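Let's take a walk through a protein model, starting with the overall fold and ending with the empty spaces inside. Keep the viewer open as you read.

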Amino acid sequence: MKKVCVILLILLASYAFGLTTDGFVRVEGGTFTMGSPAGEPTRFSNEAQRQVTLSSFYMGMHPVTQAEYQEIMGSNPSHFVGPNLPVERVSWFDAVLFCNRLSEERGLTPVYTINGQTITWDRTANGYRLPTEAEWEYACRAGTSTPFNTGANITTDQANYDGSRPFNNNPRGVSRQRTSPVGSFAPNAFGLYDMHGNVGEWVWDWNVEYARGELTDPMGAASGFHKVFRGGSWNHAADFLRSSRRGGNIPTTRSADLGFRLVRNAD
């Protein structure tokens, strides 16, 4: 009876969050305010608000795990080792290559054309890819407009970050000083885990000023020096976990606090 109840709960969760059989959540498109309001604590000037409209897409429930990466790539570059831990020490280029190989493995059309360090994106392809920065923030917020999808603050009971550096003078929490298994904390309202903390997540966009005004399915600038990562990590202060916070690094960077999450176009 207990086993039947567990199966029923999983089925109900799948219905509620629009889960697919491959561990992805359907994120329904819509319009939201990207960026942060002027009064948000620790806000940066590159978080100017704009209205963004997005098409529907599928997003992985959690960052890519080491088991998933090992299965496709045949290696595990991570510093903190465990099959259900998020893969880390992957560059932006590593993440792009993984997307293409997984697409091929599952009989889908690869999204990216790779020519050395020049990567182009076929938006019509049905394979796996990195989210755009706008898609990532929309999915992270899950309908919220507060600094975090948990509200005005986030605690170390809600995400894995450096609890010795809390947000906006709130009480301190624990500092785990390593990654935690994916799904260790409650999901957001879209059924997505670890959108705040654990590992920062590479996205498609270059880390340059976003275009102003109303945008539809934006891809960001055509060129730049740093690629954006979002969400903050086990090694970051709480303010880095804010939904609008933009991190950046050169795309060849491999770090124990950087991983990635997949998306694909909706049918």
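What follows goes from the whole chain to one helix, then to the rings, and last to the pockets and the cavity.

First, a word on where this comes from: the model is predicted. The chain has four helices and 13 strands. Its radius of gyration is 18 Å, close to the 18 Å that the globule rule gives for 267 residues, so the chain is as compact as a globular protein of that length. If you want a box for it, the C-alpha atoms fill roughly 55 × 50 × 35 Å along the principal axes. As for burial, 49% of the 267 residues count as buried.

Now pick out helix α4, which runs over residues 133-141. How many of the nine residues of α4 are buried? Nine of the nine are, so the helix is largely enclosed by the rest of the structure. The buried set is E133, A134, E135, W136, E137, Y138, A139, C140 and R141, so you'll see charged side chains in there along with nonpolar ones. An α-helix has 3.6 residues a turn, so residues three or four places apart point the same way. Right after α4 comes A142, whose phi is positive, near 50 degrees.

Stay with Y138 for a moment, since this residue takes us on to the aromatic rings. Y138 is buried, with a relative accessible area of 10%. Its partner is F190, and the two rings form a tilted pair, 6.1 Å centre to centre with 55 degrees between the planes. Y138 sits in α4 while F190 belongs to the loop between α4 and β8 (200-206), so the pair ties together parts that are 52 residues apart in sequence. F190 is partly exposed, at 23% relative accessible area, which is above the 20% under which a residue counts as buried.

That pair has company: a search of the whole structure finds 13 aromatic pairs. Take W92 and F93, whose ring centres are 5.4 Å apart and whose planes meet at 85 degrees, so this pair is edge-to-face. W92 is buried, with a relative accessible area of 2%, and F93 is buried as well, at 17%. Zoom out a little and you'll find that ring pairs link W92, F93, Y112, W121 and W204 into a cluster.

Some rings have a charge over them, too. R245 lies over the face of F240, at 3.9 Å from the ring centre. R264 lies over the face of F24, and there the distance from the ring centre is 5.7 Å.

F24 is a handy bridge to the pockets. The largest pocket holds about 300 Å³ of space. Of the 16 residues that line this pocket, D22, F24, E68, L102 and R106 are the closest to its centre. The elements that give two or more residues to the lining are α2 (66-73) and α3 (92-105). Sorted by class, the lining of the largest pocket comes to eight nonpolar, three polar and five charged residues.

Next in line is the second largest pocket, with a volume of about 250 Å³. It is lined by 15 residues, and W92, I119, W206, A222 and K227 lie nearest its centre. So W92, which we met in the ring cluster, turns up again here because it is one of those lining residues. Two or more lining residues come from each of α3, β6 (118-121) and β8. What is the make-up of this lining by class? It has ten nonpolar, four polar and one charged residues.

Before the last stop, a short detour to G232, which is found in the loop between β10 (227-230) and β11 (247-249). G232 counts as buried, at 0% relative accessibility. Its C-alpha atom is 25 Å from that of I119, a residue 113 places away along the chain.

Finally, the enclosed space. Rolling a probe the size of a water molecule over the atoms shows where empty space is left. The structure holds one cavity of 30 Å³ or more, and about 50 Å³ of space lies in the largest cavity. Its lining is made up of M34, G35, N46, E47, A48, R50, E133, E137, Y210, R230, S244 and R246. Two of these names, E133 and E137, are already familiar from the buried residues of α4. By class, the cavity lining has three nonpolar, three polar and six charged residues.

How values were computed:
Residues numbered from 1 in each chain as written. Predicted model: local features only at pLDDT ≥ 70, side-chain atom pairs only at ≥ 80, totals over all residues. Heavy atoms only, no water. 1 Å grid on protein atoms, 1.4 Å probe; cavity = no way out; pocket = protein on both sides within 12 Å on 5 of 7 lines; lining within 4 Å. Points joined across faces, edges and corners; volume = space filled by probe spheres on them. Phe/Tyr/Trp six-rings, centres within 6.5 Å; stacked < 30°, edge-to-face > 60°. Buried < 20%, exposed > 50% of the residue type's maximum accessible area, 1.4 Å probe, protein only. Lys NZ or Arg CZ within 6 Å of the ring centre and 35° of its normal. Rg over C-alpha atoms; globule rule 2.2 N^0.38 Å.
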